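Subject: Handover of a structure

Dear colleague,

Please find below the structure that I am passing on to you. A summary of what was found in it follows.

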Amino acid sequence: MTDEDRTRYRRHVSDLSAFGHRGSATEHERRAADYLASELQTLGLEPMREPFRGARAWGGRHLFHVAVAAAGACCLWSLPIASTVLGLVALASFWAEGMTHGPWLTRPLVQAASENVVVSLSEADSPRLRIVVSGHYDSQRTGLIWLLAGWLSPWQWRLPVALKPPLLPVAGLMVAQALLGGAALAGLAPLVVTLAGWAVLAVYLLYAALFGQWALSPSVPGAADNASGAAGVLAIAQEWQRNPLPGVELVLLLTGCEETGLLGATAWAERHRSEIQAMPTVFVNIDCIGMGPTRFLGWEVPVVGHPVPYPQELLAMAKSVAAEQGLTAPGPYSVPGPTDGLALLSRGLPGITVVGFQDGGHFPNYHRMSDSADAVDYESACRGVEFVWALLRRLSQTAALSAKSSLPV
């Protein structure tokens, strides 16, 4: 990136954080979409606005599942069958929604207006490869739950990837509830069932308090998470204008409502399913690159569910490009929480997610009001953008990704 590029990048991050927040499916999010579309238009591009149904609070969606399960837990002693059924229903919906399989129980909470900002660019009449460069532009709500996450992060970092989903304990409570319902129905160990039932209900109430407080808290400025990524997408657009990649259709995807369940990325992948199937497509997702040295993920870890691996051939490519760029300890890594990459991988799109964090999995100012423009690590963020562009160049030069079926599409 040139000095002019870096100055422009810093301006975009500052402008986006100057909205105060870009809370999912709020008026501020819509104004941020207006800003991003306007910036793309100044480059001579024609962005499309693709509306979808979003949600305003992920904490509220989690609270809904806990409330259903807790209602069942209250029936453990009088209606054990109902307790088991409600626990299993809550678990199935909680798991499915965590894996981005659409809103189940929380459908009434996913009705607010949001939108993706999308641009498609190509220098060829018949491109051989589509590359989607994505970054979400909304910002998360703060809350006590993020202070707790910060305290737990050193321990979560050391866990095996299968145990990293941060809300796995809630799913475990729902499983325990179903088992206790079965035991109560069979008349087994009534004292144990009673004590365990009260313990499950008490923990549900604790989670309900955390989720409720999160759902009602204000949204953060979101400079590093993820104005840094959205500005990175704009920087890639600028670089494409100077040096378009031959044989490539480049899709710039700025998603809304990532922070309330990856809803924008899910909506885009569902809407463009037939196009994705018609041409080899790969994504490069940019998230939190202003929080520390450039890294890339080897797995997507949902809030609850099973981790999804990134394709090995793309991880090998990312390692090679990172070595050429002189990056230190770039990955692959897993972190306790998902990015838009989960929604895309789950729908058959191969790709890579580029992030930024400090050693030990530390994300400074993560989902806190201190995530402001003056706290962004701009040097690392710009190196992240350069890494993304180098990845795009390598992808465009790799015939196996365009002509041979080495990638699942």
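Two strands are taken to pair if DSSP finds at least two bridges between them. Helices (H or I, at least four residues) and strands (E, at least two) are DSSP runs, numbered from the N terminus. Please note that this is a predicted model, in which local features need pLDDT of at least 70 and side-chain atom pairs count only at pLDDT 80 or more, while totals for chains, interfaces and linings use all residues. Residues are numbered from 1 along each chain as its sequence is written, and side-chain values use heavy atoms, with hydrogens and water left out.

I begin with strand E4 (248-255). Strands E2 and E4 run antiparallel and are joined by six bridges; Val 118 has Leu 253 of E4 as its bridge partner. With strand E3 (residues 129-136), E4 pairs in the parallel sense over eight bridges, and Leu 129 stands opposite Val 248. Eight of the eight residues of E4 are buried (under 20% relative accessible area with a 1.4 Å probe, protein chains only; exposed is over 50%, partly exposed in between). In a regular strand, side chains alternate between the two faces of the sheet. In E4, Val 248, Leu 250, Leu 252 and Leu 254 point one way, whereas Glu 249, Val 251, Leu 253 and Thr 255 point the other way.

Helix H2 (residues 27-42) has 16 residues and should span 22 Å at 1.5 Å a residue (the expected span is 1.5 Å times one less than the number of residues); its end C-alpha atoms are 23 Å apart, which agrees. Its buried residues include Glu 29, Tyr 35 and Leu 40. The buried residues of H2 pack (heavy atoms within 4.5 Å) against elements including helix H1 (3-17), helix H8 (223-242) and E4. After H2 comes Gly 44, with a positive phi near 85°.

Turning to the aromatic residues, rings of Phe, Tyr and Trp (its six-membered ring) pair if their centres lie within 6.5 Å; planes under 30 degrees apart count as stacked, over 60 as edge-to-face and the rest as tilted. This rule gives 13 aromatic pairs. One of them, Tyr 207 with Phe 211, is tilted, at 5.7 Å centre to centre and 40° between the planes. These two residues are separated by about one helical turn because they are four residues apart in helix H7 (residues 190-216). Both Tyr 207 and Phe 211 are buried. Ring pairs link them into a cluster whose members include Trp 157 and Trp 214.

Yours sincerely
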